[in-house]
Amino acid sequence: MRGFLYSLCIWLLVASGTFLLVCGGMDYWESRSAQREIAQEWQDQQTVAEPAPQIPPADSGIGTARPRRPTPLPQSGSAVAKLSIPRLDTVLYVVEGTDDRDLKRGPGHLEGTVMPGEDGNCVIAGHRDTHFRVLKNIHDGDEIILERSGHRFRYKVDGLTVVSPDNTASLRPSSHPVLNLITCYPFHYVGSAPKRFIVHADLENSALEASR
């Protein structure tokens, strides 16, 4: 009887490990596939994007330019930005929204926070075991580049913190343009991780730069 129970425990451990390995592999390949789809969506957006109207100087003699139309709010799950971390050779496509479906596709822009490059706090969240796993190797001083609407915005990492889930300091509004990347912590934790890893960065360039 003791031998049977021992064998049963071994079998359960092996089955559980196999199950977790298969689930992890499926999540990984689904995330990679979703990023390829979003990359194509992003390229299509750039191809059909309408250039912003040019506003002539006040003394140019040209009539008053028409005011720029308000930017429509992006739909949940749609591509909103391209995120690059040059030192880590990482390129990710950010989607709008942070529910489970959105975060399976890519890092999600938190609705209600500002868009990349705007004055205020831009918050982007991602899963530690797929898209934002790379953050375990990020350092103070690293450059983060966000591209949207034909422009590039350069942020510089100036803080890495680990906080409890009820610490919402990284979500607070800001009087100047900042970026907060959020993921769960520890990175190698099995199950629902108990803490949050925050990457804080300040916008380095105050003017828009045309993306290449």
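**Strand β7, its neighbours and three salt bridges**

Hi everyone, let me start with Arg148, which counts as buried at 14% relative accessibility; buried means under 20% relative accessible area, exposed over 50%, and partly exposed in between, with a 1.4 Å probe and protein chains only. Before I go on, what you see is a predicted model, so local features need pLDDT of at least 70 and side-chain atom pairs count only at pLDDT 80 or more, while totals for chains, interfaces and linings use all residues. Residues are numbered from 1 along each chain as its sequence is written, and side-chain values use heavy atoms, with hydrogens and water left out.

Back to Arg148. Which residue forms a salt bridge with Arg148? Glu118 does, with the closest N and O atoms 3.1 Å apart; a salt bridge here is a side-chain nitrogen of Lys or Arg within 4 Å of a carboxyl oxygen of Asp or Glu. Glu118 sits in the loop between β3 (108-109) and β4, and Arg148 in strand β5, so this pair links distant parts of the chain, 30 residues apart. Strands are DSSP runs of E of at least two residues, helices runs of H or I of at least four, numbered from the N terminus. Glu118 itself is partly exposed, at 34% relative accessibility.

The whole structure holds four salt bridges. Another one of them joins Arg87 and Asp142, whose closest N and O atoms are 2.7 Å apart. Here the loop between β1 (79-85) and β2 (90-96) supplies Arg87, the loop between β4 and β5 (143-148) supplies Asp142, and 55 residues separate them. Arg87 is partly exposed at 44%, whereas Asp142 is buried at 6%.

Then there is Glu204 with Arg154, at 3.6 Å between the closest N and O atoms. Glu204 is in the loop between β8 and β9 (209-210) and Arg154 in strand β6 (residues 151-163), so the pair ties together parts 50 residues apart in sequence. Both ends are partly exposed: Glu204 at 42% and Arg154 at 23%.

Now to strand β7. Why is β7 described as largely enclosed by the rest of the structure? Because six of its eight residues, 178-185, are buried. Strand β4 (residues 121-125) runs parallel to β7, with five bridges joining them; two strands pair if DSSP finds at least two bridges between them. Strand β8 (residues 195-203) runs antiparallel to β7, joined by eight bridges, and there Cys184 stands opposite Arg196.

On the β4 side, Asn121 has Val178 as its bridge partner. Asn121 is buried, at 5%. Its side chain has a polar atom 2.8 Å from the backbone oxygen of Ser170, and reaches the backbone oxygen of Arg172 at 2.9 Å.

Last, the rings. There are three aromatic pairs in the whole structure; rings of Phe, Tyr and Trp (its six-membered ring) pair if their centres lie within 6.5 Å, with planes under 30 degrees apart stacked, over 60 edge-to-face and the rest tilted. Tyr185 and Phe187 are edge-to-face, 5.8 Å centre to centre and 85° between the planes. Tyr185 and Phe197 are stacked, at 5.9 Å and 20°. Since Tyr185 lies in β7 and Phe197 in β8, this stacked pair ties together parts twelve residues apart in sequence. Ring pairs thus link Tyr185, Phe187 and Phe197 into a cluster. Phe187 is buried at 8% and Phe197 at 9%, while Tyr185 is partly exposed at 28%.

Thanks, everyone!

Terms used:
Polar contact = N/O pair within 3.5 Å; in protein donor to acceptor, adjacent residues only side chain to side chain.
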